[in-house]
Amino acid sequence: MASPTLNELPRVDRVLSHPALALAARALGHGLVTELVRLEIDAARREILAGERLVAPTENEIAEGVGRSASAIYSRRTRRVINATGILVHTNLGRAPLSEAARQAVVEASRGYGSLEMDLSTGKRGGRAGFAESAIRALAGAEEAFVVNNCAAAVLLVLATLASRGGSRHGGPGIIVSRGELIEIGGSFRVPSILEESGARLVEVGTTNRTHLADYEEAFERHPDIAGILRVHQGNFRMTGFVERPTVRELAELAKRRGVPLVKDLGGGALVELADLGEHQSSRGFAGEPTVAACVRQGADLVCFSGDKVLGGPQAGIIVGRRALVDRARKHPLARALRLGRLPLAALEATLASYLCGRIDEVPVLAMVRRPLDLVEARAERWCAVLVAAGADAHVVETESEMGGGALADRHISSRGVVIRDGSGPDALASRLRSGDPAIVARVVDGALVLDARTVLDGEDEVLLEGVVAALARAV
Ligand SMILES: *Cc1c(COP(=O)(O)O)cnc(C)c1O
């Protein structure tokens with residue numbers, strides 16, 4: 001028999017009509033709020049049964065609890081963020097901001113129907129992404145290109161394509177990877193796992209720090225069913241000291257001799273030589289970072305890279321390389337499951353058009369890399385002056401921006417930022433900045449909150465400063 005306390009639990013319909021929940025119902029809809037009320041009452045019931053609660057909560061208390069969970073859910077919607085972290089391609093913040101042209105293309109494409117897979121000259125079904133693929137071929141100097149949902153998808157599709165031929169009683173055909181390249185890239189992308197999911201069999205060679213060409217040679221002797229060599233770009237970490245691995249050229253030569261393709265998972269994937277981006281000191285640090293075209297020239301048969309890292313476009317994965325191989329990937333059954341959506345495709349087309357016409361400063365990530373240090377410094381000084389005038393404890397500091405997105409680890413770009421101190425401490429201030437609208441994400445370095453002046457977009461200065469002043473005011 002239910003205890004008297006259980007009988008005193010508020011009824012769902014009574015709580016739902018509580019005025020405190022009117023706003024929640026308008027934002028989230030009646031169905032979801034009803035569900036939250038049920039959950040809140042159920043939780044109270046469990047507490048009573050467990051003896052953790054002696055009196056039933058009032059309608060008011062339940063409504064307050066529901067209000068809190070409703071705002072927690074609502075705040076998880078994707079909101080606009082000002083990126084003052086100094087990390088240009090910040091995976092948690094959606095990686096590359098889009099160019100003006102790319103934004104317009106997305107708006108235009110979302111307005112109505114589009115010629116996504118129709119050849120308008122014939123009215124017949126046409127291939128998706130024809131323009132993007134032509135542009136990438138030209139920019140990468142590759143025979144063929146194919147666009148998918150992201151770079152992880154590109155690598156999976158390429159490996160699955162190679163694995164779809166051959167195999168033995170030991171499993172799928174072997175793909176050779178150096179032990180120094182069995183890496184994890186941000187959370188869930190792990191090279192050995194992707195390889196296993198593709199149906200191929202991992203053939204590890206060498207050691208963590210040193211892999212020789214002879215190790216690859218030997219793998220061909222030991223395993224008669226090798227279907228390819230995978231070379232993974234060490235983009236998000238750097239190994240130094242007693243390290244060695246063959247060059248892409250040497251691997252390409254070996255792969256050719258053995259009649260298998262060399263696949264390069266490049267990740268970042270610059271379409272232009274970053275070190276040559278201009279006279280500005282800021283991009284010099286990127287010397288030696290391979291471009292997609294360089295990988296193709298060095299003999300990689302297939303190269304996979306991201307659309308939203310160094311390229312500066314929307315989330316996308318791009319496969320370039322030999323026509324026969326790319327076409328096999330295009331026809332693989334997985335290709336349909338990994339295809340790029342039409343809105344990112346529109347953004348990718350516009351971004352690539354900027355590259356084709358040599359207008360790379362239209363691409364925000366590249367413009368940020370190229371921005372001369374004296375301009376970044378002048379901006380930090382202006383911010384500082386405004387904040388000090390508003391009563392803040394602020395000063396300009398030297399900082400280091402970075403590319404981020406698992407690309408170009410340890411290649412820092414000199415930058416300037418503003419340190420702000422207040423009585424509440426840097427973490428509390430950072431949290432108040434994140435709760436503003438737009439949210440401001442700063443960096444806490446050596447116990448101080450820093451706003452980096454390189455990654456804040458043009459036109460965001462005033463909103464940033466207003467947000468900072470408001471967050472400082474909320475401390476008291
Ligand atoms: C980032 C990265 C990936 C994954 O790319 P996504 O676009 O995030 O799917 C794969 N390989 C390498 C080497 C990377 O740097």
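This briefing describes the ligand site and one helix packing contact of the structure above. The model is predicted. The ligand is surrounded by 12 residues, and the protein covers 93% of the 380 Å² of accessible area that the ligand has on its own. Helix α8 contributes to the shell around the ligand and also packs against helix α13.

**Residues around the ligand**
- Among the 12 residues around the ligand, those that come nearest are Arg95, Ala152, Asp265, Ser306 and Lys309.
- The shell comprises four nonpolar, five polar and three charged residues.
- At least two residues of this shell come from α8 (151–163), and at least two come from β11 (262–267).

**Polar contacts with the ligand**
- Arg95 places a polar side-chain atom 2.8 Å from an oxygen atom of the ligand.
- Ala152 has a polar backbone atom 2.8 Å from an oxygen atom of the ligand.
- Asp265 has a polar side-chain atom that lies 2.8 Å from a nitrogen atom of the ligand.

**Packing of α8 with α13**
- The axes of α8 and α13 (residues 323–331) are 9 Å apart and form an angle of about 100 degrees.
- Angles of 65 to 115 degrees count as roughly perpendicular, and α8 and α13 are therefore roughly perpendicular to each other.
- On the α8 side, Leu157, Thr161 and Leu162 take part in the contact, meeting Leu325, Arg328 and Ala329 of α13.
- By class, the residues of this contact are four nonpolar, one polar and one charged.

Definitions and conventions: Residues are numbered from 1 along each chain as its sequence is written. This is a predicted model: local features need pLDDT of at least 70, side-chain atom pairs count only at pLDDT 80 or more; totals for chains, interfaces and linings use all residues. Side-chain values use heavy atoms; hydrogens and water are left out. A residue is near a molecule or strand if one of its heavy atoms lies within 4 Å of it. A polar contact is a pair of N or O atoms within 3.5 Å; within protein, one must be able to donate a hydrogen and the other to accept it, and residues adjacent in sequence count only if both atoms are side-chain atoms. Accessible areas come from the Shrake-Rupley method with a 1.4 Å probe; for residues, only the protein chains shown count as cover. Helices (H or I, at least four residues) and strands (E, at least two) are DSSP runs, numbered from the N terminus. Ala, Val, Leu, Ile, Met, Phe, Trp, Tyr, Cys and Pro count as nonpolar, Asp, Glu, Lys and Arg as charged, and the others, Gly among them, as polar. Axes are lines fitted to C-alpha atoms, for helices over the stretch in contact, and angles run from 0 to 180 degrees between N-to-C directions. Angles under 35 degrees count as roughly parallel, over 145 as roughly antiparallel, 65 to 115 as roughly perpendicular and the rest as oblique. Contact means heavy atoms within 4.5 Å.
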